[in-house]
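Open your viewer, get both selection and distance tools ready, and follow along stop by stop.

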Amino acid sequence: MSTFLGGLGTVLGLELRQRVRGVAWYVLLGTFALVVAGATLMLWLSISYANTGGGYLFSTIIFLVLLLGTLVAPALSGNAINGDRDAGALATTQVTLVSTGQLVLGKFLAAWTAALAFLVVALPFLIFSVALGAVAADTIVTAVIVLAIELGVVAALGVGLSGVIPRPLFSVVTTYLAVAALSIGTLIVFTLGGAATQSPMKTTYIGIDYEAGTDFGAGPQFDGPPPCLDPMITTSTQPRYDYYWGVLAANPYLVLADAAAGSFDRNGNPTDLFGAIASGVRSAQIPPDLDVTIDECAMYDAKGMGEYETPEQVYDRTVPTWFVGLASHVLLGAGALLWGTSRTRTPARKLPKGSRIA
Amino acid sequence: MTRTRHPASYREDSGTARRHRCTLPFPESAIVTNAPPADIPPDRAALSEGITVTGVSRSFGGVHAVRSATFTAEPGAVTALIGPNGSGKTTLLLMLATLLRPDGGSIRVAGFDPVTHPAEVRARMGWMPDILGSWSTLSVRATLEITGRLHRLDRATSATRASELIGLVGLDELANQPTRVLSRGQKQRLSLARSLVHDPSVLLLDEPASGLDPSARVDLRVLVSRLAAEGRTILVSSHVLSELDEMATAAVYLEAGTTASADRIAATRTSTRQWRIRSVDPSRLPAALRTVGVPPDRVSVDALGTLVSVSGEADAAALLSALVASGASISSFAPAVGDLEHTFLDLRRTEES
């Protein structure tokens with residue numbers, strides 16, 4: 001075991017020295033720090049009026065790290081194996097005592113570490129947001145862990161695909177496409193799917209016969225219950241997002257939001273972006289009412305117009321999906337790594353078309 | 001003369017013995033090997049088994065890169081792997097280097113099968129590829145140190161080994177430069193040093209001299225001869241035959257993926273071959289040749305001397321003693337083309353006919 005870890009550590013160190021460390025890398029991290037600093041300043045100014053604590057600031061920075069991490073990780077990991085092969089530096093590593101598993105895993109850990117560097121850079125700003133108050137400890141822990149896993153998934157996808165696809169350019173692009181499919185593709189499928197699958201909806205409207213009332217200049221008044229008009233029935237269609245909400249479970253941003261949500265104020269409103277996104281997305285689980293009766297006549301004396309659900313109520317009566325999404329991501333990443341490993345294993349039985357082994 | 005030695009024992013006594021072997025310039029005395037130490041257990045004799053290849057084939061899709069390769073490379077010898085471009089030399093070396101799985105046949109490198117026991121082979125085999133790849137941003141020293149670490153040497157051993165090898169291949173001034181600034185020849189030296197990091201008992205060198213200047217070639221030749229004299233098995237591929245002629249003690253001929261059989265190689269030994277003769281007094285040489293009975297149609301003259309067609313070494317020896325006896329002042333009497341080249345060209349001729 002210690003020989004395995006030793007070899008793994010050597011590959012990790014080599015990868016970090018060879019691939020990551022450099023002036024451009026530090027410039028990138030510095031730029032990211034400036035972006036987060038700017039976002040922090042503006043959000044801080046805006047929330048200081050509302051006095052809602054640091055929840056929104058914290059969650060926004062976490063999402064920024066996820067965004068930047070998923071934008072950079074494919075570029076850092078997507079040519080880890082085939083790039084080495086192109087440079088003639090893969091086979092010379094493979095004839096040493098390091099195993100293919102150690103090699104691929106070491107490259108994955110290096111790419112993951114590089115993506116996590118963004119989280120480290122964002123750390124001062126995260127601490128600042130927590131210092132503003134009202135960020136629950138479990139939100140912090142869950143958000144950071146899920147964020148780290150999601151960045152690891154992107155790194156694993158990149159390294160795995162770089163072992164499967166011979167050309168570095170195509171494996172990097174494929175990794176980006178996979179990330180885009182999860183981040184944006186799921187939203188598109190959800191939206192288009194819902195819009196394309198519509199159900200007929202019957203709306204019955206029972207109005208009040210205002211003509212029957214007496215008017216003293218301040219609107220019609222009735223003695224007792226108002227006389228009702230005949231029910232008016234209209235038909236329309238309603239998009240069925242409730243058929244497609246499962247697709248959103250695969251979205252890394254929503255996985256993060258759904259996992260870290262749960263913090264609401266006493267009015268039932270979310271105290272951070274996680275809760276706002278999670279309750280909004282989870283409301284798609286509720287099927288639309290396809291036989292709506294709006295009885296204005298009966299509700300004339302009632303206090304409110306129908307029941308209004310707070311985001312917290314929506315959140316509480318729907319099911320969480322983040323662990324399904326997260327588990328599928330982890331499986332995807334692990335599968336990519338295994339696939340990449342099996343294609344990189346030596347002595348090689350078959351070679352990708354047009355590829356040189358060295 | 002061969003010598004049994006285990007790589008690990010080399011590492012443990014990192015003291016005087018190794019330093020003696022691995023410093024430039026190479027004193028001739030270093031080539032002389034000592035008797036094997038008595039404390040080496042008998043089972044380690046297997047480590048100096050060299051290379052045995054039997055009926056190996058490998059194809060890529062419809063292309064048969066290697067059809068049938070059979071040969072052995074003995075410890076203590078420098079075996080040349082000779083063949084034209086595209087004859088399957090690199091594919092064969094890749095299979096020996098545990099990187100490529102043969103379709104058929106069997107391979108033993110240092111006593112182990114590269115397919116079933118790649119780790120055992122890798123611990124005992126050094127490979128210098130024909131592609132000059134390196135970790136471009138790492139320094140020469142770091143490259144060698146990390147290669148040592150990948151071979152499970154500890155940190156201190158890797159560092160000392162790197163320093164030794166930098167001296168051995170003469171990259172001292174560039175030791176701390178990133179490898180991307182190296183020239184082609186310097187990358188060749190780095191590649192050679194990298195293949196020696198774990199002190200392998202079998203060395204596979206794929207076109208090691210390409211890109212080297214003449215003095216570096218001499219260094220390489222001396223180094224390779226010395227490594228062989230230490231009991232290592234060395235297989236060198238090249239299509240530059242003159243450079244192999246100077247260091248190879250045995251040869252394997254590969255053409256269109258097939259190694260030439262011993263019979264065919266033996267046949268080339270007796271085929272007609274030109275020998276170049278130079279005399280202190282060239283004007284008397286034609287008369288001398290006539291006197292000893294060489295027909296004029298077997299004699300030609302080029303700028304470097306007189307060429308005589310001779311079949312086999314015995315014929316040549318007889319001709320030389322006859323010429324000397326006839327009083328011709330012979331200053332040089334040698335084959336016009338190198339042994340390897342003659343065999344190689346002759347094999348190609350018989351192949352075509």
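Buried here means under 20% relative accessible area, exposed means over 50%, and partly exposed is in between (1.4 Å probe, protein chains only). Helices (H or I, at least four residues) and strands (E, at least two) are DSSP runs, numbered from the N terminus. This is a predicted model, in which local features need pLDDT of at least 70 and side-chain atom pairs count only at pLDDT 80 or more, while totals for chains, interfaces and linings use all residues. Residues are numbered from 1 along each chain as its sequence is written, chains are lettered from A and ligands numbered from 1 in the order in which they are written, and side-chain values use heavy atoms, with hydrogens and water left out.

**Stop 1: a covered strand in chain B**

Select residues 202-206 of chain B, which are strand S6. S6(B) is largely enclosed by the rest of the structure, because 5 of its 5 residues are buried. In a regular strand the side chains alternate between the two faces of the sheet. Color by face and you'll find Val202(B), Leu204(B) and Asp206(B) on one side, with Leu203(B) and Leu205(B) on the other, and all are buried.

Now bring in the neighbors; two strands count as paired if DSSP finds at least two bridges between them. S5(B) pairs with S6(B) in the parallel sense over 4 bridges, and S7(B) (residues 233-238) runs parallel to S6(B) with 5 bridges joining the two. Which residues should you click on? Leu205(B) is the bridge partner of Met128(B), and Val236(B) in S7(B) is the bridge partner of Leu205(B).

**Stop 2: a buried salt bridge next door**

Stay in chain B and show Asp199(B) and Arg232(B) as sticks. They form a salt bridge (a side-chain nitrogen of Lys or Arg within 4 Å of a carboxyl oxygen of Asp or Glu), with the closest N and O atoms 2.5 Å apart. Asp199(B) lies in the loop between helix H7 (184-195) and S6, and Arg232(B) in the loop between helix H8 (214-229) and S7, so the pair ties together parts that are 33 residues apart in sequence. Asp199(B) is buried at 2% relative accessibility, and Arg232(B) is also buried, at 2%. Add Arg226(B) and Glu230(B) to the selection: with Asp199(B) and Arg232(B) they are linked in a network of salt bridges.

**Stop 3: two backbone oddities in chain B**

Most residues other than glycine have a negative phi, and most peptide bonds are trans. Go to Thr98(B), where phi is near 65 degrees. Thr98(B) sits in the loop between H3 and strand S4 (104-109) and is buried at 0% relative accessibility. Then pick Ala110(B), with a positive phi of about 50 degrees. Ala110(B) is in the loop between S4 and H4 and is buried too, with a relative accessible area of 1%.

**Stop 4: where the chains meet**

Show both chains and select contacts, meaning heavy atoms within 4.5 Å. You should pick up 34 residues of chain B and 26 residues of chain A. The buried area (accessible area, 1.4 Å probe, that two parts lose on being put together, summed over both) is about 2800 Å², with 64% from carbon and sulfur atoms. In chain B, label Leu99(B), Trp135(B) and Leu150(B): these lose the most area to chain A, together 24% of what that side buries. How many salt bridges cross the interface? The rule finds 0 between chain B and chain A.

**Stop 5: over to chain A**

Chain A has 13 helices and 5 strands, and buried residues make up 47% of its 358 residues. Select S1(A) (198-206): it pairs antiparallel with S4(A) (232-239) over 8 bridges, and in the parallel sense with S5(A) (291-295) over 5 bridges. Pro200(A) has Thr237(A) as its bridge partner in S4(A), while Tyr205(A) has Ile294(A) in S5(A).

Next, show Lys107(A) and Asp84(A), whose side chains meet in a salt bridge (2.8 Å, N to O). Lys107(A) belongs to helix H6 (100-131) and Asp84(A) to helix H4 (82-86), 23 residues apart. Lys107(A) is buried at 2% relative accessible area, and Asp84(A) counts as buried at 5%. Another salt bridge joins Asp242(A) and Arg240(A) at 2.9 Å, and both residues are buried.

Finish at Thr346(A) and Pro347(A), joined by a cis peptide bond with omega about -5 degrees. Pro347(A) lies in the segment after helix H13 (322-344).
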